[in-house]
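This report goes through the helices of one protein chain, then its pockets, and ends with two single residues and the chain as a whole. Please keep the sequence and the model at hand while reading.

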Amino acid sequence: MTLLTLSIAMIASGAVWILPASSGLVAYLAATCLYPQYLAVSLGPVDFPVGRIVVLVMLIRFMTRPLDATLARWRWIDLFVVMTFAASTLAYLTNESAVKVLEREGGRLFDTALAYLVARLS
């Protein structure tokens with residue numbers, strides 16, 4: 001199943017790279033919603049489902065191409081997303097070991113904060 005997951009991720013990543021930003025967002029959402037999240041590529045204790053791989057490719061695409069200045073400007077909701085992520089990480093850090101926090105919150109960073117960022121930039 002790892003080979004199938006990587007194949008789906010490559011197809012969706014190619015679509016994200018080639019298509020315009022809004023169509024790339026549709027390809028990312030389709031890959032995330034239609035392919036099961038439990039089928040993931042495991043690298044040690046970290047699992048990479050298709051959505052996490054494609055969001056990385058989409059983020060690299062946005063960082064390597066010029067952006068509109070109005071899209072790159074910070075808004076109040078950006079601050080809210082970052083502050084919510086930081087506060088929940090700090091709260092979880094007071095209850096668990098740092099290794100467990102890094103593993104859990106790293107996955108949450110991919111699933112929420114980076115997904116929000118690429119959705120807003122597209």
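## Helix H2

In this predicted model, the buried residues of helix H2 are Gly24, Leu25, Ala27, Tyr28 and Ala31. They cover an arc of only 160 degrees around the axis, which puts them on the same side of H2. The face turned away from that buried side carries Val26, Cys33 and Leu34, which are exposed.

The cover over the buried residues of H2 includes helix H1 (2-18), helix H3 (50-64) and helix H6 (98-121). H2 itself takes in residues 21-34, 14 in number, and its first and last C-alpha atoms are 20 Å apart, close to the 20 Å expected at 1.5 Å a residue.

## Helix H1

For the 17 residues of H1, a rise of 1.5 Å a residue should give a span of 24 Å, and this agrees with the end C-alpha atoms, which are 24 Å apart. Thr5, Ala9, Ala12, Ser13 and Val16 are the buried residues of this helix. Seen down the axis of H1, these buried residues fall within an arc of 105 degrees, so they line one face of the helix.

On the other side of H1, the residues Leu3, Met10, Ile11 and Ile18 are exposed. What covers the buried residues of H1 includes H2, strand E1 (41-43) and H3; H1 in turn is among the elements that cover the buried residues of H2.

## Helix H5

Helix H5 has 18 residues and reaches 26 Å from its first C-alpha to its last, close to the 26 Å expected at 1.5 Å a residue. Its buried residues are Asp78, Phe85, Thr89 and Tyr92. They cover an arc of only 80 degrees around the axis, which puts them on the same side of H5.

The face of H5 turned away from this buried side carries the exposed residues Trp76, Phe80, Met83 and Leu90. H6 is included in what covers the buried residues of H5, and H6 is likewise included in the cover of the buried residues of H2.

## The largest pocket

The largest pocket has a volume of about 240 Å³. It is lined by 14 residues, of which Trp74, Asp78, Val82, Tyr116 and Leu117 lie nearest its centre. The elements that give two or more residues to this lining are helix H4 (69-72), helix H5 (76-93) and H6, and the largest share, six residues, comes from H6.

By class, the lining of the largest pocket divides into 12 nonpolar residues, no polar residues and two charged residues. Asp78, which lies among the residues nearest the centre of this pocket, is also one of the buried residues of H5.

## The second largest pocket and Arg52

The second largest pocket has a volume of about 190 Å³. Its lining is made up of Pro45, Val46, Asp47, Phe48, Arg52, Leu102, Glu103, Gly106, Gly107 and Phe110. Strand E2 (46-48) and H6 each supply at least two of the lining residues, and H6 gives the largest share, five residues. In this lining five residues are nonpolar, two are polar and three are charged.

Is Arg52, one of the residues that line this pocket, buried or exposed? With a relative accessible area of 16%, Arg52 is buried, because buried means under 20% relative accessible area. Arg52 belongs to helix H3, and, when residues up to four places away in sequence are not counted, Arg52 touches Asp47, Gly107, Phe110 and Asp111. Asp47, Gly107 and Phe110 also appear in the lining of the second largest pocket.

## Pro66

Pro66 is found in the loop between H3 and H4, and it is exposed, with a relative accessible area of 80%. Pro66 and Gly24 are 42 residues apart in sequence, while their C-alpha atoms are 16 Å apart in space; Gly24 is one of the buried residues of H2.

## The chain as a whole

The protein chain contains six helices and two strands, and from the N terminus on its elements run α-α-β-β-α-α-α-α. Along its principal axes the C-alpha trace spans about 45 × 40 × 20 Å.

Of the 122 residues in the protein chain, 32% are buried. Among the contacts with a separation of 6 or more, 72% are accounted for by residues 24 or more positions apart.

Definitions and conventions. Residues are numbered from 1 along each chain as its sequence is written. This is a predicted model: local features need pLDDT of at least 70, side-chain atom pairs count only at pLDDT 80 or more; totals for chains, interfaces and linings use all residues. Side-chain values use heavy atoms; hydrogens and water are left out. Helices (H or I, at least four residues) and strands (E, at least two) are DSSP runs, numbered from the N terminus. The expected span of a helix is 1.5 Å times one less than its number of residues. Buried means under 20% relative accessible area, exposed over 50%, partly exposed in between (1.4 Å probe, protein chains only). The arc is that of the directions from the helix axis to the C-beta atoms. Contact means heavy atoms within 4.5 Å. On a 1 Å grid over the protein atoms alone, a cavity is a set of points where a 1.4 Å probe fits but cannot get out, and a pocket is an open set with protein on both sides within 12 Å along at least five of seven lines; lining residues have an atom within 4 Å of a point. Grid points are joined across faces, edges and corners, and a volume is the space filled by probe spheres set on the points. Ala, Val, Leu, Ile, Met, Phe, Trp, Tyr, Cys and Pro count as nonpolar, Asp, Glu, Lys and Arg as charged, and the others, Gly among them, as polar.
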